[in-house]
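Hi,

Here is the structure I promised to pass on. Have a look at it first, and then read my notes underneath.

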Amino acid sequence: MNDIIIKLLWTLLGLFIVLNWGMLMGATMRKIVARVAHRRGIPFYQPWLDLTKLYANRSSISHGVMFYLGPVFRLGGGVGIFLFLPLIYGSEYFSNFSWAGDLVLILYFQFFGMLGMALGAGEGGHPNSVIGITRGLSQFTTVELPLTLAVISIALQYNTLSIHEIVAAQQGGFQNWTVVTNPLATVAAMLSLLGIFRHAPFNLVIAPNEAPIGPPTEYHSSFLGVLRTNGAILHVVEAALFMNLFFGGATNWAEFILKTFLIYFWSVFVGVVFPRFRIEQAVTWFLKIPLVIGILAVIIFI
């Protein structure tokens with residue numbers, strides 16, 4: 001019993017670190033984008049101020065039980081990925097509960113939050129919210145196709161679905177990383193990552209100048225605070241997932257921070273170079289080159 005309590009405390013510490021790193025990384029990326037546009041950008045502490053303000057606000061608006069559960073489901077998806085993802089390879093304290101889950105569970109949690117959020121925002125009945133949800137689910141469904149094929153490819157390559165075992169197989173130098181041993185799966189996954197992080201050109205569903213952007217149309221105050229909290233956590237754990245699958249994992253926090261920053265920066269770099277796609281363009285794009293590369297990655301290891 002004591003061992004479980006200690007494990008939970010270390011896991012909560014890891015979640016605290018991931019949350020704060022996610023907010024700092026998000027502020028840094030917004031600062032980079034602003035400098036590219038010859039602006040100063042926000043101060044680095046702005047995400048903490050925003051989150052404090054949102055949690056301090058209260059709302060009397062409600063559309064039913066599912067309206068309340070929507071942000072909880074969304075946060076549950078991000079935290080669920082975190083719980084079953086090893087942060088630091090070989091660490092007794094920051095391996096979380098990775099021994100109890102595998103890649104199938106991780107992929108399930110990725111969609112779990114999206115579907116819960118769609119049900120919650122949809123209960124509000126606002127037409128703009130429904131349009132935003134439809135756009136988001138349409139794009140995310142096509143994003144999942146090349147990502148799932150990349151996961152199948154590395155599962156065939158390493159003959160396991162355990163993230164811990166996949167990271168273990170990549171130890172011994174960068175020449176053992178999946179990016180070197182299975183470049184097709186890595187390319188398919190990194191292209192799908194652009195849609196997962198939803199920077200330009202795949203950010204129509206959350207574009208600030210769009211009226212029908214989904215959940216933010218309905219949610220505000222502490223509801224939006226929960227969504228912002230999940231956003232900070234989710235960006236880090238999704239970058240950590242790709243780090244573990246394709247870039248050898250991390251054996252210390254410095255390596256974790258550097259790799260997750262560079263993986264996240266990949267989507268930001270593309271975002272400041274390319275203009276925004278319409279939703280039908282984004283869906284079509286993921287069903288072309290990324291999907292074909294993902295199929296080839298699977299065929300090689302069959």
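On charge, the chain carries 16 positive and 12 negative side chains. The centres of those two sets sit 15 Å apart. Do keep in mind that this is a predicted model, so everything below is computed from its atoms.

Given those charges, you may ask: how many salt bridges does the structure hold? The count comes to 2, and here they are in turn.

One pairs E255 with K259, and the closest N and O atoms there are 2.8 Å apart. Both residues belong to helix α11, which covers residues 253–273. E255 and K259 are 4 residues apart, so about one turn of the helix separates them.

Are the two partners buried or exposed? Buried means under 20% relative accessible area. K259 has 12% relative accessibility, so it counts as buried. E255 comes out at 23%, so this residue counts as partly exposed.

The other salt bridge joins R278 to E280, with 2.5 Å between the closest N and O atoms. Here R278 has a relative accessibility of 47%, which makes it partly exposed. E280 is at 41% and also counts as partly exposed. To be called exposed, a residue would have to be over 50%.

Now the overall fold. What is the chain built from, helices or strands? You will find 13 helices and 0 strands, so reading along the sequence gives α every time, from one end of the pattern to the other. The radius of gyration is 19 Å, close to the 19 Å that the globule rule gives for 302 residues, so the chain is as compact as a globular protein of that length. If you want a feel for the dimensions, the C-alpha atoms fill a box of roughly 55 × 50 × 40 Å along the principal axes.

As for packing, 50% of the 302 residues count as buried. I also looked at contacts between residues at least 6 apart in sequence: 79% of them join residues at least 24 apart.

Last, the surface. The accessible area of the chain is about 13900 Å², and carbon and sulfur atoms account for 70% of that.

If you open the model yourself, helix α11 is a handy place to begin, with E255 and K259 both in it. After that, go on to R278 and E280 for the other salt bridge.

Cheers

Methods. Residues are numbered from 1 along each chain as its sequence is written. This is a predicted model: local features need pLDDT of at least 70, side-chain atom pairs count only at pLDDT 80 or more; totals for chains, interfaces and linings use all residues. Side-chain values use heavy atoms; hydrogens and water are left out. Helices (H or I, at least four residues) and strands (E, at least two) are DSSP runs, numbered from the N terminus. The radius of gyration is taken over C-alpha atoms; the globule rule is 2.2 Å times the number of residues to the power 0.38. Buried means under 20% relative accessible area, exposed over 50%, partly exposed in between (1.4 Å probe, protein chains only). Contact means heavy atoms within 4.5 Å. Accessible areas come from the Shrake-Rupley method with a 1.4 Å probe; for residues, only the protein chains shown count as cover. Lys and Arg count as positive and Asp and Glu as negative; His and the chain ends are not counted. The place of a charge is taken as NZ of Lys, CZ of Arg, CG of Asp or CD of Glu. A salt bridge is a side-chain nitrogen of Lys or Arg within 4 Å of a carboxyl oxygen of Asp or Glu.
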